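I opened my notebook for a friendly look through this one. My plan was to check a buried spot, a strand pair, the pockets and the confidence values.

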Amino acid sequence: MWIPQRRKKVLVGDIATRLRQIFLALAIEKGWDILALEVAPDHVHLFISVKPVDTPHLVVKAFKGRSSYYLRKEFPQLKKLPSLWTNSYFVSTAGNVSSEAIKRYIEAPHHRHS
């Protein structure tokens, strides 16, 4: 989970659609499985299965870096922000929580109208 700079509600419409496309393409390229993805106007939740050798830091860096590059190039209004994403993010392993429980949380309607 991570947010745009200043928690601006910029992840809407064509930008949200393009963000999903970028994430999907990157996941396919890297051999990762996106189990759930929710793009809210001011944050992103991503539930993903990666290889054990792929460290969380590098996975997040890949998603944030690739999406920032393409979105800022394709949507000039995003250049008003000093950068698209904040430096922070939250990562956790699924642990004892079922994949279905995590998917239900991510896909819950409360994320869409933040």
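**Entry 1: Aspartate 42**

I began with aspartate 42, which is buried, with a relative accessible area of 6%. I kept in mind that the model is a predicted one. Buried stands for under 20% relative accessible area, so 6% qualifies. Where in the chain is aspartate 42? I found aspartate 42 in the loop between β1 (33-40) and β2. Next I looked up the partner of its side chain: the side chain of aspartate 42 makes a polar contact with the side chain of arginine 7, at 3.0 Å.

**Entry 2: The strands on either side**

I then followed the two strands that this loop joins. β1 and β2 form a hairpin, with two residues between them. The strands run antiparallel, and seven bridges join β1 to β2. For one point on the pairing, I noted that leucine 37 stands opposite leucine 46 in β2.

Is β2 enclosed or open? I read that five of the seven residues of β2 are buried, so β2 is largely enclosed by the rest of the structure. I also jotted down a reminder that side chains in a regular strand alternate between the two faces of the sheet.

**Entry 3: The largest pocket**

Pockets came next. The largest pocket has a volume of about 670 Å³. Its lining counts 24 residues, and the closest to its centre are Leu46, Phe47, Val91, Ser92 and Thr93. Leu46 was already in my notes as the residue opposite leucine 37.

Which element supplies the largest share of this lining? I found that β2 does, with five residues. β2 (43-49), α2 (56-74) and α3 (99-107) each supply at least two lining residues. By type, I logged 17 nonpolar residues, six polar and one charged in the lining of the largest pocket.

**Entry 4: The second largest pocket**

The second largest pocket has a volume of about 170 Å³. Its lining includes His57, Lys61, Lys64, Trp85 and Tyr89. I split the lining of the second largest pocket into four nonpolar, six polar and two charged residues.

**Entry 5: Confidence**

Last, I looked up pLDDT. The mean for the protein is 90, and 92% of its residues reach 70 or more. Which elements sit at the two ends of the range? Helix α1 (residues 13-30) has the highest mean pLDDT, 98, and α3 the lowest, 74. α3 is also one of the elements that supply at least two residues to the lining of the largest pocket. My margin note: where pLDDT is low, the predicted coordinates should not be read in detail.

Technical notes. Residues are numbered from 1 along each chain as its sequence is written. This is a predicted model: local features need pLDDT of at least 70, side-chain atom pairs count only at pLDDT 80 or more; totals for chains, interfaces and linings use all residues. Side-chain values use heavy atoms; hydrogens and water are left out. On a 1 Å grid over the protein atoms alone, a cavity is a set of points where a 1.4 Å probe fits but cannot get out, and a pocket is an open set with protein on both sides within 12 Å along at least five of seven lines; lining residues have an atom within 4 Å of a point. Grid points are joined across faces, edges and corners, and a volume is the space filled by probe spheres set on the points. Helices (H or I, at least four residues) and strands (E, at least two) are DSSP runs, numbered from the N terminus. Ala, Val, Leu, Ile, Met, Phe, Trp, Tyr, Cys and Pro count as nonpolar, Asp, Glu, Lys and Arg as charged, and the others, Gly among them, as polar. Buried means under 20% relative accessible area, exposed over 50%, partly exposed in between (1.4 Å probe, protein chains only). A polar contact is a pair of N or O atoms within 3.5 Å; within protein, one must be able to donate a hydrogen and the other to accept it, and residues adjacent in sequence count only if both atoms are side-chain atoms. Two strands pair if DSSP finds at least two bridges between them. pLDDT is the predictor's confidence in each residue, from 0 to 100.
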